[in-house]
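User: I am new to this structure. Please take a close look at one part of it for me, the helix packing in chain B, and add the metal site and any backbone oddities.

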Amino acid sequence: MADDKKYTTVSIPKPLYDKIKELIKDTGFTSVSDYVTYVLREIIASIEEEEKEEVFSKEEEEKIKARLRALGYID
Amino acid sequence: MVAKPHGGRLVRLVSSEKTKERILSEQNEYPRMEVPEDIAVDLENIAWGVYSPLRGPHNSEELSSILDTMRLPDDTPWTIPILLPKFEGDFSEGDAVLLTHKGRIVARITVEEIYDFDRKEIAQKVFRTTDPKHPGVKRLFERPGIYVSGDILLIEELPNPFANYTLKPHETRVLFKEKGWKTIVGFQTRNVPHLGHEYVQKSALTFVDGLLISPVLGKKKPGDYRDEVILKAYQTLFEHYYPKNTAVLSFLRYPMRYAGPREAVHHAIMRKNLGCTHFAVGRDHAGVGNYYRPYDAHEIFNEFPDLGITPLFFREFFYCKKCGGIVNEKICPHGEEHRVRFSGTKIREMIRRGEKPPEFFLRSEVFDVVKSFENPFVEVEE
Ligand SMILES: [Zn+2]
């Protein structure tokens, strides 16, 4: 963690900072930065979640289904 | 929709028949390195996307990042380094090297980096101890502290007697879709199911569409159940006690590290790659001895709001004579004197003596399955 290139600074309004500081008292978050990092990761993950999932080609999917059927996993 | 693969894309680094033939015909031109079985299994897991987004063993930058932040350099959660020690061989960065196990060519690696790393630091950060008695630490210390990174290509899989019950991520994903399951909970195990397991699974199943029983195939200690016993026991349990089309079993070949909390997160990531949306985390998950506190493996998940698979935390289930049923601390107010704890060890001892455990411990159908094997337990280290 000594490598300071791993972190960078962003600016947020001072009143927001104070509000968060107040909010995280007595929680597991040790700093406003910790909290903001947590929330941003959560939001980014939920956005990525909504992106379309990659799908298999029809042909490959049929092949997989045939194998699953042969193994008794599906009827 | 089943879970998105970790890091966004399901990795597939498996050679086509043609490429395989070519590599095998040119095999004498490549340097080689023999690797132990657990590493060969890691290579397979990389190739089939169980470790997505990994494309090969970690490099030094990734390793440092995992140790210090429990994330890859691009911020993707990752807790267990996947390392390839340089056991032998005369090769350098940029070379393509064939990785063999018992002489069989398992994979080719295009060497990106060869680097030294302090094994004590790895041990302390991954296992929270440098005690060489810890099985994960022991293995780490027995091997060279020089590591090889680079993309791999799987050439040939290791033999697997349970290949038909070991589905790959692309197969479980199609399976879940065919079943019509949108939410799936993964359950990791190395045991024949007793009622405590069944209640965890069924509590989880109450809230999701399907259950994936995901027993780990790997090295066993004497006294562990044989894999075929686990398989048969679950098949019987499904038949008699689970509604049709709610549960499937697929083995996962994976070398346990016993890294407790960090490994619990890794277990969840592997099940996410298999398509699970939820993962059951039990007491002392992936722990060994007294290295971790019973619920450390629950707390660690607080660090990962972006894991992409929802952990379901379970306390221990037990039988309460006063409640007259199987309960846990959250729903039973009675004292210890009323409670009968499930103990895998106790059940095993009873089975060894040919005694039938009480019905609230082990289903009699399951007991019959176990009993039908001449020896349901592993006798010598495998
Ligand atoms: Zn009770």
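Analyst: What follows is a walk through helix contacts, backbone details and a metal site. Keep in mind that this is a predicted model.

Start with helix H4 of chain B, residues 119-127. Helix H5 of chain B covers residues 135-142. The axes of these two helices come within 10 Å. They cross at roughly 160°. An angle over 145 degrees counts as roughly antiparallel. H4(B) and H5(B) are therefore roughly antiparallel to each other. Their crossing is right-handed.

Which residues meet here? From H4(B) come Arg119(B), Lys120(B), Ile122(B), Ala123(B) and Phe127(B). From H5(B) come Gly136(B), Val137(B), Leu140(B) and Phe141(B). By class, this contact of H4(B) with H5(B) has 6 nonpolar, 1 polar and 2 charged residues.

H4(B) also packs against helix H3 of chain B, residues 60-69. The angle between H3(B) and H4(B) is about 40°, and their axes are 9 Å apart. Angles under 35 degrees count as roughly parallel, and 65 to 115 as roughly perpendicular. The pair fits neither class, and H3(B) and H4(B) are therefore oblique to each other. This crossing is left-handed, whereas that of H4(B) and H5(B) is right-handed.

On the H3(B) side, the contact involves Leu63(B), Leu67(B) and Asp68(B). They meet Glu121(B), Ile122(B), Lys125(B) and Val126(B) of H4(B). This contact of H3(B) with H4(B) has 4 nonpolar, no polar and 3 charged residues. Ile122(B) appears here, and Ile122(B) is also listed in the contact with H5(B).

Two backbone details belong to the loops around H3(B). One is Pro53(B), in the loop between helix H2 (37-47) and H3 of chain B. The peptide bond from Ser52(B) to Pro53(B) is cis, with omega near 10°. The other is Met70(B), in the loop between H3 and strand E2 (96-101) of chain B. Phi of Met70(B) is near 60°, a positive value in a residue other than glycine.

Further along the chain, helix H7 (residues 195-205) packs with helix H8 (residues 227-241), both of chain B. Their angle is about 60°, and their axes are 13 Å apart. H7(B) and H8(B) are therefore oblique to each other. The crossing is right-handed. H7(B) brings His197(B), Glu198(B), Gln201(B) and Lys202(B) to the contact. H8(B) brings Tyr234(B), Leu237(B) and Tyr241(B). These residues divide into 3 nonpolar, 2 polar and 2 charged.

Last comes the metal site. What holds the zinc ion? Its protein donors are Cys320(B) (SG), Cys323(B) (SG), Cys332(B) (SG) and His334(B) (ND1). These donors lie 2.1 to 2.3 Å from the zinc ion. Along the chain, they follow the spacing C-x2-C-x8-C-x1-H. The site has 4 donor atoms, with angles of 102 to 115° among them. Four donors count as tetrahedral if all angles lie between 85 and 135 degrees. The zinc site is therefore tetrahedral.

Conventions: Residues numbered from 1 in each chain as written. Chains lettered and ligands numbered in written order. Predicted model: local features only at pLDDT ≥ 70, side-chain atom pairs only at ≥ 80, totals over all residues. Heavy atoms only, no water. Axes fitted to C-alpha atoms, helices over the stretch in contact; angles between N-to-C directions. Helix = DSSP H or I, 4+ residues; strand = E, 2+ residues; numbered from the N terminus. Left-handed = near helix turned anticlockwise from the far one by under 90°. Contact = heavy atoms within 4.5 Å. Nonpolar A, V, L, I, M, F, W, Y, C, P; charged D, E, K, R; others polar. Donors = N, O, S within 2.8 Å, 3.2 Å for Na, K, Ca; no water. Tetrahedral: all angles 85-135°; square planar, octahedral: opposite > 155°, others 65-115°.
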